[in-house]
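Me: I have a model open on my screen and would like to learn how to read it. Could you walk me through it, one feature at a time?

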Amino acid sequence: MASTQKLFFLLLSSFAIIRLASAADPDITSDFVIPTNVTAPVDGNFFTFTGIRALVGAPLPPNFKVTKASLAEFPALNGQSVSLAVLEFPAGTTNPPHTHPRSAELLFLIQGSLQVGFVDTTNKLFSQTLQAGDMFVFPKGLVHFQYNADAQKPSIAVSAFGSASAGTVSLPATLFTTSIDDTILAKAFKTDVATIQALKAGLAPKP
């Protein structure tokens, strides 16, 4: 990642978090929340997250990867209504259609290009092709996706959320890797059970 892109990464990540801060999470009545299992005095280390440091200068992964700084990874976010994720897209990879039930998502593209879009409650698709430096907002709870259509170049984006725990519901996984009956899915998608079973087999975890 070039030095200019690193600077954008730092500045825009901070900006996005501040802009997305909202009352999506329950309000707290103290400055911050200390987990009950923390007994030592809290200092600056508690408010520092280093889990994304390993990405700086590292090679891209072979498959699409999300590195999160949410409540699960960074307990200091509890009650602060913010979180962040770094999205790495090798050439030709996608972040499949999904939703975040507890927050909007503000995506900043720092490298490459991305095809992005969301579908509203009237089933209208809003899509765009982003270039490095562009931002796109996915409204709270709506189905959306990101796709690196470039067959040669990778893409990297940073997403900020107005919740410490935005949640992710992946449509392919939710529909085809859970225990929903094949017949129900076949009727819903107006296809046959064999097609549903083939989809489930393709999405099953590899041994």
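Reply: Happy to; we will go from the pocket to the annotated residues and then to the strands around them. One point before we start: this is a predicted model.

Me: Let me begin with the pocket. How much space lies in the largest pocket?

Reply: The largest pocket holds about 370 Å³ of space. It is lined by 22 residues, and those closest to its centre are Val66, Lys68, His100, Gly167 and Thr168.

Me: What is the chemical character of the lining of the largest pocket: how many residues are nonpolar, polar and charged?

Reply: You can sort a lining by residue class. Here eleven residues are nonpolar, nine are polar and two are charged.

Me: And which strands supply at least two residues of that lining?

Reply: Look for strands E1 (65-69), E2 (83-89) and E3 (94-99); each of them supplies at least two lining residues. Keep E3 in mind, since we will come back to it.

Me: Now the record. Which residues does UniProt list for "binding site"?

Reply: An unreviewed UniProt entry lists His98, His100, Glu105 and His144 under that name. Although these residues span 47 positions in sequence, no two of their C-alpha atoms are more than 11.6 Å apart, so they gather at one spot. Of this set, His98, His100 and Glu105 belong to the lining of the largest pocket.

Me: Is there another set under "binding site", and which residues does the annotation cover?

Reply: There is: the unreviewed entry also has a "binding site" annotation that covers Asn95, His100 and Glu105. The lining of the largest pocket takes in Asn95, His100 and Glu105 from that set.

Me: Let me zoom in on one of them. Is histidine 100 buried or exposed?

Reply: Relative accessibility is the value to check, and under 20% counts as buried. Histidine 100 has 6%, so it counts as buried. You will find histidine 100 in the loop between E3 and strand E4 (105-111). Setting aside neighbours within four places in sequence, His100 has contacts that include Glu105, Lys140, His144 and Phe161, and Gly167 and Thr168 are also among its contacts.

Me: What about glutamate 105 and asparagine 95: where is each one placed?

Reply: Glutamate 105 lies in strand E4 and, with a relative accessibility of 2%, counts as buried. Asparagine 95 lies in strand E3 and is buried as well, with a relative accessible area of 11%. Beyond neighbours within four places in sequence, Asn95 is in contact with Phe64, Phe89, Phe145 and Gln146.

Me: Back to E3, then. In what order do the strands of the open sheet run?

Reply: To read a sheet, follow the pairing from one edge to the other. In this open sheet of five strands the order is E6-E5-E8-E3-E10, with antiparallel pairing. The edge strands, E6 (125-131) and E10, each pair on one side only.

Me: Which residues stand opposite each other where E3 meets its partners?

Reply: E3 pairs with strand E8 (residues 143-147) in the antiparallel sense over three bridges, and asparagine 95 has glutamine 146 in E8 as its bridge partner. E3 also pairs with strand E10 (residues 169-170), again in the antiparallel sense, over two bridges. There, histidine 98 stands opposite serine 170, and threonine 99 stands opposite valine 169.

Me: Is there a general idea about side chains to keep in mind as I look along a strand?

Reply: Yes: in a regular strand, side chains alternate between the two faces of the sheet.

Methods
Residues are numbered from 1 along each chain as its sequence is written. This is a predicted model: local features need pLDDT of at least 70, side-chain atom pairs count only at pLDDT 80 or more; totals for chains, interfaces and linings use all residues. Side-chain values use heavy atoms; hydrogens and water are left out. On a 1 Å grid over the protein atoms alone, a cavity is a set of points where a 1.4 Å probe fits but cannot get out, and a pocket is an open set with protein on both sides within 12 Å along at least five of seven lines; lining residues have an atom within 4 Å of a point. Grid points are joined across faces, edges and corners, and a volume is the space filled by probe spheres set on the points. Helices (H or I, at least four residues) and strands (E, at least two) are DSSP runs, numbered from the N terminus. Ala, Val, Leu, Ile, Met, Phe, Trp, Tyr, Cys and Pro count as nonpolar, Asp, Glu, Lys and Arg as charged, and the others, Gly among them, as polar. UniProt positions are given in the numbering used here, feature names are shortened, and annotations may be inferred rather than shown by experiment. Buried means under 20% relative accessible area, exposed over 50%, partly exposed in between (1.4 Å probe, protein chains only). Contact means heavy atoms within 4.5 Å. Two strands pair if DSSP finds at least two bridges between them.
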